[in-house]
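Got the viewer open? Load the model, switch on a cartoon view and keep the selection box handy.

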Amino acid sequence: MMDLLRGRISAIYFRYLGAAFGSAMISSIYGIVDMAIVGQYQGPDGTAALAVVAPVWNIIYSLGLLAGIGGGVLFSVARGRGGTGESGANDYFSAAFIGTVIFSALSWAAIVFFDRRMLLLFGADETLLPLARQYLWPVKFAVPVFIFNQMLASFLRNDGSPGLATAAVLFGGLFNVAGDYFFVFTLDMGIMGAGLATAIGAALTLAAMLGHFFSKRNTLRLVRPRNLLIKLRKITVTGFSTFFIDIAMGILTVLFNRQIMRYSGTEALAVYGVIVNISTVVQCCAYSIGQASQPIISINFGAGRWGRIRATLRYALATAAFFSIAWTAAALAFPSGTPSRRRPFSASPGPPRRWPFPTDLSVSSWPRRRWCSR
C-alpha cells in the first residue's frame with residue numbers, strides 16, 4: 001500500500017493514473033461495443049435509440065460522482081488532518097453512503113415511473129421509443145448499482161485500492177462485452193439483450209468492489225455520522241462541480257438529439273450516437289487525470305503539505321497537455337479512423353453476418369434482413 005503522505009509523488013501519481021485511466025477507458029469501450037452490436041442487429045434505429053438513452057447515463061453517473069468525489073475529497077482531507085469524532089474520515093464515508101441511497105431512490109423512481117416521458121424529452125420519436133424502452137427495461141432493476149459503483153470507486157481510490165477499482169470495472173466490462181454477443185445474437189434478444197448485459201456487468205463490478213471491505217487494507221467503516229445534514233451539504237458543495245460537468249454534457253446531448261431528430265432524422269442521430277461514444281473515450285482521459293490527482297491532493301491538503309500538492313499539479317498539467325496534443329493529432333491525422341483508404345465492401349443486401357462488428361461502417365452496408373424484418 002503506497003503512502004500518499006510520504007511516498008514518491010511520481011510513482012504514486014502514475015500508479016493512480018494507470019488505474020483511473022484503465023477504469024475510465026474500459027467503461028467507454030464497452031459503451032462503444034454496445035452501440036456496435038446493437039447497430040449490427042437493429043440497424044440505425046438501434047444506434048439512434050442508444051443515443052436517446054445516453055442522457056440517462058449522464059444522470060446516473062453524475063449522481064454517483066456527486067457523492068463519490070464530494071465525499072472522497074472530504075474523507076482524504078480528514079485523514080490527512082488525523083481528525084476523529086465529528087471530523088473523522090468515516091463520518092464522511094457514512095454520510096456519502098446515505099446520500100447515495102437517497103440519490104439512488106430518487107433516480108430509480110424517476111426512471112421506473114417516468115421513463116417514457118424522459119425518453120421523449122431526450123429526443124425519441126414513436127419509432128425509437130419502443131427500442132429505447134426495451135434497452136432500458138433491464139437497466140431499471142440496476143439503477144442503484146450504477147450509482148453505488150461510481151461512489152465506491154472513488155472511495156476505493158481514496159482508501160489506497162485504485163487497482164481493485166480498475167479490476168472490478170474490467171471484470172464487469174468483460175462480461176458486458178461477451179454478454180452483448182450472447183444475449184443479443186445467440187439468444188436473439190436484440191437491444192434488450194444489450195441492456196441486460198450492461199445491468200449484469202454492473203452488478204458484477206459492484207460485487208468485486210465489495211471485496212475491499214474484507215481486505216486487511218480496508219479502513220472504510222459505516223458509522224453514525226454527527227451533524228449528518230451539515231456533512232451532506234459539504235459533500236454536495238464539494239462534488240457539485242464534477243456533478244455539474246456531467247449533467248451539462250447530458251443537457252447538451254439532449255439538445256443535439258432533439259435538433260438532429262427535428263431536422264435530419266433517425267439515420268443522422270445514429271451517426272451522432274457513434275460520435276458521442278468516441279468523444280467519451282477522449283473525455284475519459286481528462287476524467288482519469290482528475291481521479292488520479294484527487295486522492296493525493298486531498299490527503300496532502302489535509303496534512304498541509306503544499307509542496308507535494310504543487311508537484312502533483314505539475315504532473316497533472318503535463319499529462320493533460322500530453323493527452324490534448326495526442327488526441328488532437330490523432331483526430332487531424334486519422335479523421336476517418338484509418339490511416340489509409342480502403343475499397344469499401346459491397347453494400348448489396350444479403351444474409352446477415354453473425355459477427356457483431358461491421359467491416360464497413362457506412363449505413364448502407366449494415367445487414368438489412370435482420371433488423372428490417374422486426
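What follows is a walk from the whole chain down to single residues.

**Before you click**

This is a predicted model, so keep the ground rules in mind: local features need pLDDT of at least 70, side-chain atom pairs count only at pLDDT 80 or more, and totals for chains, interfaces and linings use all residues. Residues are numbered from 1 along each chain as its sequence is written, and side-chain values use heavy atoms, with hydrogens and water left out.

**Stop 1: the whole chain**

Color by secondary structure. You should find 12 helices and zero strands in the protein chain. Helices here are DSSP runs of H or I with at least four residues, strands are runs of E with at least two, and numbering starts at the N terminus.

Now try coloring by accessibility. Of the 374 residues in the protein chain, 51% are buried. Buried means under 20% relative accessible area, exposed means over 50%, and partly exposed is in between, using a 1.4 Å probe and protein chains only. Put a surface on, and the chain exposes about 17,800 Å², with carbon and sulfur atoms supplying 67% of that. The areas come from the Shrake-Rupley method with a 1.4 Å probe, and for residues only the protein chains shown count as cover.

How much of the contact list comes from residues 24 or more positions apart? Among contacts in the protein chain with a separation of 6 or more, such residues account for 81%. A contact means heavy atoms within 4.5 Å.

**Stop 2: α2 against α3**

Select 44-81, which is helix α2, and then 89-113, which is helix α3. Two packed helices are described by the angle between their axes and the distance between the axes. For α2 and α3 the angle is about 170° and the axes are 8 Å apart. The axes are lines fitted to C-alpha atoms, for helices over the stretch in contact, and angles run from 0 to 180 degrees between N-to-C directions. The two helices are therefore roughly antiparallel, a label for angles over 145 degrees.

Show side chains next. From α2, the residues that meet α3 include Val56, Ile60, Leu63, Leu74 and Phe75. On the α3 side, look for Tyr92, Phe93, Phe103 and Ile111, among others. By class, this contact has 14 nonpolar, four polar and one charged residues. Nonpolar covers Ala, Val, Leu, Ile, Met, Phe, Trp, Tyr, Cys and Pro; charged covers Asp, Glu, Lys and Arg; the others, Gly among them, are polar.

**Stop 3: the salt bridges**

Side chains of opposite charge can pair when their charged atoms come close. The structure holds four salt bridges, each being a side-chain nitrogen of Lys or Arg within 4 Å of a carboxyl oxygen of Asp or Glu.

- Select Asp159 and Arg79: their side chains meet in a salt bridge at 3.3 Å, N to O. Asp159 sits in the loop between α6 (143-158) and α7 (162-186) while Arg79 is in α2, so the pair ties together parts 80 residues apart in sequence. Asp159 is buried at 0% relative accessible area, whereas Arg79 is partly exposed at 29%.
- Select Asp115 and Lys140: this salt bridge is 2.9 Å, N to O. Asp115 belongs to helix α4 (residues 115-121) and Lys140 to helix α5 (residues 128-140), 25 residues apart. Asp115 is buried at 5%, and Lys140 is buried at 14%. Add Arg133 to the selection, and you have a network of salt bridges linking Asp115, Arg133 and Lys140.
- Select Glu126 and Arg116: the closest N and O atoms are 3.9 Å apart. Glu126 lies in the loop between α4 and α5 and Arg116 in α4, so this pair ties together parts 10 residues apart in sequence. Glu126 is exposed at 58%, and Arg116 is partly exposed at 38%.

**Stop 4: Asn176**

Go to helix α7 and pick out Asn176. Is Asn176 buried or exposed? Asn176 is buried, with a relative accessible area of 0%. Which residues does Asn176 contact, leaving aside neighbours within four places in sequence? They are Tyr30, Asp34, Ala197 and Thr198.

**Stop 5: two backbone oddities**

Most residues other than glycine have a negative phi. Asp188 has a positive one, near 60°. Find Asp188 in the loop between α7 and α8 (191-210), partly exposed at 38%. Then jump to Asn227, with a positive phi near 50°. Asn227 is in the loop between α8 and α9 (228-263) and is partly exposed at 38% relative accessibility.

Note on methods
Parallel < 35°, antiparallel > 145°, perpendicular 65-115°, else oblique.
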